[in-house]
Amino acid sequence: MFIGSILLPLSLFLELGIIVNIAFSLIFFFLLTAYSVLTGGKPNIILILTDDQGYGDVNAHGHPYLKTPHMNRFRSESVSFDSFYVSPSCSPTRAALLSGMHEFRTGVTHTISPRQELHKDAVLLPQLLKAVGYRTGFIGKWHLGKRIGPEKRGFDWCSTNLRGPHAHFDALFTRNRKRFESQGYREDVFFDEAMTFINESGDAPFFCYLATYSPHTPLDAPEKFIKPFRQAGLNDTHATYLGMIENIDYNLGRLMKFLKDRNKDNETIVIIMNDNGVTEGLDIYNANMRGAKCSAWEGGTRAFSFWRWPVKWKPKVVNNLAAHIDVLPTICELVGLPVPPPLSERVEGLSLCPILESHEDVEFHPERILYHHVARWPSGYAKTHKFTMAGVRKGNHLMLRSHDCGQVGCLKYISLCKALHNVSRGAKNMTYAYGTAQYHWGVTPKEHWVLYDVKNDPECNHDLSEGKPEMVKELSMAYDQWWNDIFPEMIAKGGDSGKPDEPTKRGHN
């Protein structure tokens, strides 16, 4: 009864989005504090999201140049999800990660304004955690719009630099709306800020969301991280990109030592994952996968995902199909918080607790289907882009379409359609692919789905669509139903807003 009395006002709070009555706020806070005291023993949670690092950009995943000793060790101490998927680019992944539902349902379809703006009614993970006694901190890259920042989305401690990916050294920072000039490399400061937040949290359970800018372009890093790759014969772009990843690895080591030194290691869940497919490292190593960021090919959305809680979970590598939308319901279950209605009816992710807690392999929703859509259409053209760079995933199989929309008017604008049109006409160079565009940005036949067993064929060389017509029929019908369901909501929440020439003016991110 007590928990029910808590969840009822919580659900009302979520429906309203804001608390309009001060008295209600005080009562609500008192009840949730009481609930937190009674349930007790909540783990701390650190969620690290790297920006534009690929699944293969970890030494433990076979990279021929990277060392990443701290990430290797972290992986060996974690539950490592080897079939884990995110969205094809930055903002969509962040929206899905924090909301527990496909990014289209939050209105986020691009990385530029206004289509990177998270809808005002979206309810995010920190809001839920804060409501049950967690101290919530955000550090780094937000990329979900400036109109409603993280401080209004459930984070009560926020720190970032003011020029985003363009400021690498001695950047101007703002912490809780107060500016200060930092010293040194940006990502080092991000991890310092995370440690500051943790220290200031004292004995209160905390949720720390640390989203790096590295290794996103423009590229730069301390020379000591770049030099070994130059000496190995790599060009400046590749050497700097890998140097930025080695710096992340160095900072992960610092953070884990910090937790151990403060006796917080065993009581803290640490999760680290990347936000989309590989970028400037594509032509060095991509774990034998086809595709990069902003593609629906296997290499565009497969991510590493390591979950560490040494006193609770046995380290292992699992192949169950999982995704970024699972983070919210999993964390809620781990802290003993039922996702309240009406949000519980809308969350599309699944709790990964059965996988995390089992010492053996477990069957996990074999009927599950995941949907990808790159969504880089010119604003106003959503309706004609149902099949442009889209993917449907079930088990080990990926069904996708990768071609332009066929609308002449669309080709007037710089967009993914224009790029795919150029590839179809023989272009060898495209974003991140220098001479390899025909492969990594491959164009599929129009009006036709292709199908691959990506577990056995990550290169996506062997189309199985003709030999598995029933699977193609099943997944194509599922996709049609998904699109028809989600499209009106995506439009209503601003997913097609703006002017069609905005990508030309603002560029891609």
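Contact means heavy atoms within 4.5 Å. The exercises below concern a predicted model, in which local features need pLDDT of at least 70, side-chain atom pairs count only at pLDDT 80 or more, and totals for chains, interfaces and linings use all residues. Residues are numbered from 1 along each chain as its sequence is written, and side-chain values use heavy atoms, with hydrogens and water left out.

**Exercise 1. Surroundings of Gly291**

Task: State where Gly291 is found, and determine which residues Gly291 is in contact with, leaving aside its neighbours within four places in sequence.

Solution.
- Step 1. Helices (H or I, at least four residues) and strands (E, at least two) are DSSP runs, numbered from the N terminus.
- Step 2. Gly291 belongs to the loop that lies between β9 and α9 (298-301).
- Step 3. Buried means under 20% relative accessible area, exposed over 50%, and partly exposed in between (1.4 Å probe, protein chains only). Gly291 has a relative accessibility of 0% and therefore counts as buried.
- Step 4. With neighbours within four places in sequence left aside, the contacts of Gly291 are Val278, Leu282, Asn286, Trp297, Gly299, Gly300 and His440.
- Step 5. Val311 lies 20 residues from Gly291 along the chain, and 37 Å separates their C-alpha atoms.

**Exercise 2. Cysteines and disulfides**

Task: Find how many disulfides the whole structure has, and explain the result for Cys158 and Cys410.

Solution.
- Step 1. A disulfide is a pair of cysteine sulfur atoms within 2.5 Å.
- Step 2. The search of the whole structure yields zero disulfides.
- Step 3. For Cys158, the closest cysteine sulfur is that of Cys208, at 11 Å, which is too far for a bond. Cys158 is buried, its relative accessible area being 11%.
- Step 4. For Cys410, the closest cysteine sulfur belongs to Cys417; the separation of 3.9 Å is too far for a bond. Cys410 is also buried, with a relative accessible area of 0%.

**Exercise 3. Strand β5 and its partners**

Task: Describe the burial of strand β5 (residues 157-161) and its pairing with β4 and β6.

Solution.
- Step 1. Five of the five residues of β5 are buried, so this strand is largely enclosed by the rest of the structure.
- Step 2. Both faces of β5 are covered, with Trp157, Ser159 and Asn161 buried on one side and Cys158 and Thr160 buried on the other.
- Step 3. Two strands pair if DSSP finds at least two bridges between them. Strand β4 (residues 135-140) pairs with β5 in the parallel sense over three bridges, and Phe138 stands opposite Cys158.
- Step 4. Strand β6 (residues 172-175) pairs with β5 in the antiparallel sense over three bridges; here Asn161 faces Phe173 of β6.

**Exercise 4. Strand β11 and its partners**

Task: Identify the buried residues on each face of β11 and the strands that pair with β11.

Solution.
- Step 1. In β11 (residues 305-308), Ser305 and Trp307 are buried on one side, and Phe306 and Arg308 are buried on the other, so that both faces are covered.
- Step 2. Strand β2 (residues 79-81) pairs with β11 in the antiparallel sense over two bridges. Trp307 is the bridge partner of Val79.
- Step 3. Strand β9 (residues 268-274) also pairs with β11 in the antiparallel sense, over four bridges. Val270 stands opposite Arg308.

**Exercise 5. An open sheet**

Task: Give the strand order of the open sheet formed by β3, β10 and β13, and locate its edges.

Solution.
- Step 1. The order is β10-β3-β13, and the pairing is mixed.
- Step 2. β10 (302-303) and β13 (322-323) stand at the edges; each has a single partner strand, so one side of each lacks a neighbour in the sheet.
- Step 3. β3 (residues 84-85) pairs with β13 in the parallel sense over two bridges, and Phe84 stands opposite Ala322 in β13.

**Exercise 6. Helix α4**

Task: Assess the burial of helix α4 (residues 90-99) and name the elements its buried residues pack against.

Solution.
- Step 1. Ten of the ten residues of α4 are buried, so α4 is largely enclosed by the rest of the structure. Among them are Cys90, Arg94 and Leu98.
- Step 2. These buried residues pack against β1 (44-50), α5 (125-130), β8 (206-211), β9 and α10 (327-334).
- Step 3. Gly100, just after α4, takes a positive phi of about 80°.
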